[in-house]
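Visitor: Could you take me through this model, giving the criterion behind each term as we go?
Guide: Gladly; let us begin once the model is on view.
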Amino acid sequence: GHIRKATHIVSTISDDRGEEPLYLGIPISKVIEEQMGIGDIISLLWFKKKLPRWATKFIEMCLLVAADHGPCVSGAHNTIVTARAGKDLISCLCSGLLTIGPRFGGAIDDAAINFKKALDNGIAPDVFVEDLKRQGRRVEGIGHRIKTAENQDKRVELLCQYAKQHFPSMKYFNYARAVESYTLQKANNLVLNIDGCIGSLLVDLLSSCFHEPQVKEILELGALNGLFVLSRSIGLIGHALDQKRMKQPLYRHPADDVLYATE
Ligand code: ACO
Ligand code: LMR
């Protein structure tokens, strides 16, 4: 019989060897024929499962609403400064992407993990918040620079509305909302932010579509921050093109906006 040579790479999500590429065994012609969307492709290539339409539509909504949040946020700012330094599109994009992390756009996985763990262990929202405070940690998924209880985040409202109509359960989101009710008693900008909203609703979504060990695996992989990265890339590319189109000159920060505290 044949002796199989040990391979250097194992891959389980796609295959390009035949007449057409396969996404988790599904030929791209079928993807087109069945009018699958980007949410379906993400579910096949990231989560290795064909998810129901209500779930893939929610993933698509996350991508739509988080695509851009203006020129002032960390990512867009970096991209704009890089574009104005004359760099190429990919450098501009990467420069913006590199700001995504625990404070900006990259709190989705930790918010999801923490809200899930707390609710699964029956920890009351106020105890959850105070425990983190004692450890000197911030509550991931809570807090915003400009959004407040009075100036609510429309994105959070839209995602919540959709989930109310289509999700079999919203227990993790409801827990996150209960945490928000508690943190809002401390300060009015300690709202459930877009990361916390997407994180908690994705735990609800994943818990309806996967068994518990798979949900845990997906969260531990850090897959959910990928949604923000993918979505915000659209806005960052937009900002890079915008600056280049306008032929904006090299950016130099105004010195009168710096406190030179050198002594
Ligand atoms: N948990 C507990 N306390 C908080 C939190 C939080 N999540 N956020 C702010 N605070 C506290 C701060 O400690 C601060 O108190 P201190 O000055 O005594 O330390 C006080 O509230 C005021 O903080 P602000 O200046 O209003 O908030 P800041 O601008 O520093 O932070 C941020 C905004 C970075 C979003 C913050 O709320 C945070 O770290 N949240 C957790 C991470 C997160 O969810 N990031 C995603 C945001 S959404 C997005 O980027 C797309
Ligand atoms: C964003 O989507 O970039 C934000 O919510 C962060 C911000 O400060 O607006």
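Visitor: How do you know that the sulfur of cysteine 209 has no bond to the closest cysteine sulfur?
Guide: The closest cysteine sulfur, in cysteine 62, is 13 Å from the sulfur of cysteine 209, too far for a bond, since a disulfide is a pair of cysteine sulfur atoms within 2.5 Å. Before we go on, this is a predicted model, in which local features need pLDDT of at least 70 and side-chain atom pairs count only at pLDDT 80 or more, while totals for chains, interfaces and linings use all residues. Residues are numbered from 1 along each chain as its sequence is written, chains are lettered from A and ligands numbered from 1 in the order in which they are written, and side-chain values use heavy atoms, with hydrogens and water left out.

Visitor: What rules out a bond for cysteine 160?
Guide: Its closest cysteine sulfur, in cysteine 197, is 6.9 Å away, which is too far for a bond; the structure holds zero disulfides.

Visitor: Why is cysteine 160 called buried?
Guide: Cysteine 160 has 7% relative accessibility and therefore counts as buried, the term meaning under 20% relative accessible area, with exposed over 50% and partly exposed in between (1.4 Å probe, protein chains only). Cysteine 209, with a relative accessible area of 11%, is buried as well.

Visitor: What makes the length of helix 10 agree with expectation?
Guide: Helix 10 (residues 194-209) is a DSSP run, as helices (H or I, at least four residues) are, numbered from the N terminus. The expected span is 1.5 Å times one less than the number of residues, so the 16 residues of helix 10 should span 22 Å, and the end C-alpha atoms are indeed 22 Å apart.

Visitor: Why is helix 10 described as largely enclosed by the rest of the structure?
Guide: Because 14 of its 16 residues are buried.

Visitor: Which residues are around ligand 2?
Guide: They are His69, Val73, Phe104, His144, Arg155 and Arg232, each having a heavy atom within 4 Å of the ligand.

Visitor: What makes the approach of histidine 69 to ligand 2 a polar contact?
Guide: An N or O atom in the side chain of histidine 69 is 2.6 Å from an oxygen atom of ligand 2, and a polar contact is a pair of N or O atoms within 3.5 Å (within protein, one must be able to donate a hydrogen and the other to accept it, and residues adjacent in sequence count only if both atoms are side-chain atoms). For arginine 155, a polar side-chain atom lies 2.7 Å from a ligand 2 oxygen.

Technical notes:
Helices (H or I, at least four residues) and strands (E, at least two) are DSSP runs, numbered from the N terminus.
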